[in-house]
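Let's walk through this protein together, starting with how the chain is divided up and ending at some unusual peptide bonds. Keep the structure open while you read.

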Amino acid sequence: MSRAGWAGHSPAVEVSTARPWHTRPVTVGLVGAGVMGADHARLLSGSVSGARVGGVCDVDEARARQVAGATGARLLSDPFALIADDDIDAVLVASSDPTHEAYVLAAIALGKPVLCEKPLAPTVDGCQRIVDAETAFGSRLVTVGFMRRYDPGYLELKRALDDGEIGAPLVLHCVHRNPTNTPGQPSAAVITNSAVHELDVSRWLLGEEVVEATVHTPRRAAAAGGTADPQLLVLRTASGVLVDVEVFVNAGYGYEVRCELVGEAGTVELDRPSATVQRRGGVIARPLATDWRPRFAEAYRRELQDWVDGVRLAAPPAVSPAATAWDGFAATYLAQACVRALETGAPATVDLPARPKLYEP
Ligand code: ISE
């Protein structure tokens, strides 16, 4: 039997995939057992149905061993052997950003579905090679971990816009704050590592491309230790919507993501950062998450469940918000334009190449 491929096309490569999905769960090979890899492994084994972690590897063997032990998975030392292992049906890449490309390409070459943490690759050329490989394979295998697309709040924002409840969009206001970040982080990484989520959200929510990007920087926060932080990104879309993104990765007080969409007939914004309100010490307070994992816990769970369901069906679920390899390419392309704008202080034109047919809706 040959793998049907996620887009229902006939893949150019014949791959043997006799999978008794009804009798056993999808077996996932995890490449990278750091903060995100460990979290995905925990969700796959405890909160997602129809999947198990079958093998784990990491450059740091001790942490791979820990994740393997906690999930009952095998410990492997060679990531390429793990990807090629007959027992492994699908691959989850959560290793360091520069290593993503090689692992994703290895999975594509074997016709195995792969969920890759963002960014798909840190360079436009790397993303292009992945898009080319997938296009040559002839069917979609790659999903990129832009988990905000699965957040109930963001989904409700998109539904309100798509159903015409706030009229045509005019302005999208975004705020992305982390309590602290790696000391000495390059200024560009504030965009490529953090604001890249808003870049993806803008394209996904508005359903159109950004054509111009400008990046403004106020004086640097003392806590940022030399990094240009905060930054204010201003994006213009093809139809003329303006997006502003304040990204501040050394904000100190907690992890917070805000988003408000202004339309011609009303506005819609993300609500509560927490499910509870506290009253103590003379104040009414809503606790904030300390990082993105608790804030987007439900989004990560839904993202993984959707991915596993897609692997089981050998097709992405009909109404999946999942980011494709093309979305990963577009996000990195846009991020690089923003980095140019940051470095030059001038607006950068974003002339995204035409989307290959494979990625048409
Ligand atoms: C981190 O790498 C993430 O991906 C988080 O989602 C984001 O909010 C954070 O700013 C990044 O550093």
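The domain assignment splits the protein chain into domain 1 (21–148 + 298–321) and domain 2 (152–295 + 331–352); bounds like these come from an automatic or database domain assignment. Before going further, bear in mind that this is a predicted model, where local features need pLDDT of at least 70, side-chain atom pairs count only at pLDDT 80 or more, and totals for chains, interfaces and linings use all residues. Residues are numbered from 1 along each chain as its sequence is written, and side-chain values use heavy atoms, with hydrogens and water left out.

Taken over C-alpha atoms, the centres of domain 1 and domain 2 are 26 Å apart. Domain 1 puts 17 residues into the contact and domain 2 puts in 19, with contact meaning heavy atoms within 4.5 Å. About 1600 Å² is buried between the two domains, and carbon and sulfur atoms give 63% of that. Buried area here is the accessible area (1.4 Å probe) that two parts lose on being put together, summed over both.

What holds polar company across this boundary? There are 6 residue pairs in polar contact between domain 1 and domain 2, both residues being at pLDDT 80 or more. A polar contact is a pair of N or O atoms within 3.5 Å; within protein, one must be able to donate a hydrogen and the other to accept it, and residues adjacent in sequence count only if both atoms are side-chain atoms. On the side of domain 1 that touches domain 2, helix 1 (35–46), helix 5 (124–137) and helix 9 (297–313) are the elements giving two or more residues. Helices (H or I, at least four residues) and strands (E, at least two) are DSSP runs, numbered from the N terminus.

Now for the salt bridges: the whole structure has 24, and 1 is counted between domain 1 and domain 2. The term means a side-chain nitrogen of Lys or Arg within 4 Å of a carboxyl oxygen of Asp or Glu. Take glutamate 198 and arginine 148, which form a salt bridge with their closest N and O atoms 2.7 Å apart. Glutamate 198 sits in helix 7 (residues 187–206) and arginine 148 in the loop between strand 6 (142–145) and helix 6 (152–162), so to speak distant parts of the chain, 50 residues apart.Next, the ligand. Around the ligand you'll find Lys118, Met147, His176, Asn178, Asn193, Ser194, His197, Tyr255 and Trp292, each with a heavy atom within 4 Å of it. A polar side-chain atom of lysine 118 lies 2.8 Å from a ligand oxygen. For histidine 176, a side-chain N or O atom is 2.8 Å from an oxygen atom of the ligand, and for asparagine 178 the distance is 2.7 Å.

Lysine 118 turns up again in the backbone: the peptide bond from lysine 118 to proline 119 is cis, with omega near -5°. Proline 119 lies in the loop between strand 5 (114–117) and helix 5. The peptide bond from aspartate 229 to proline 230 is also cis, with omega near 5°, and proline 230 lies in the loop between strand 8 (210–216) and strand 9 (231–237).
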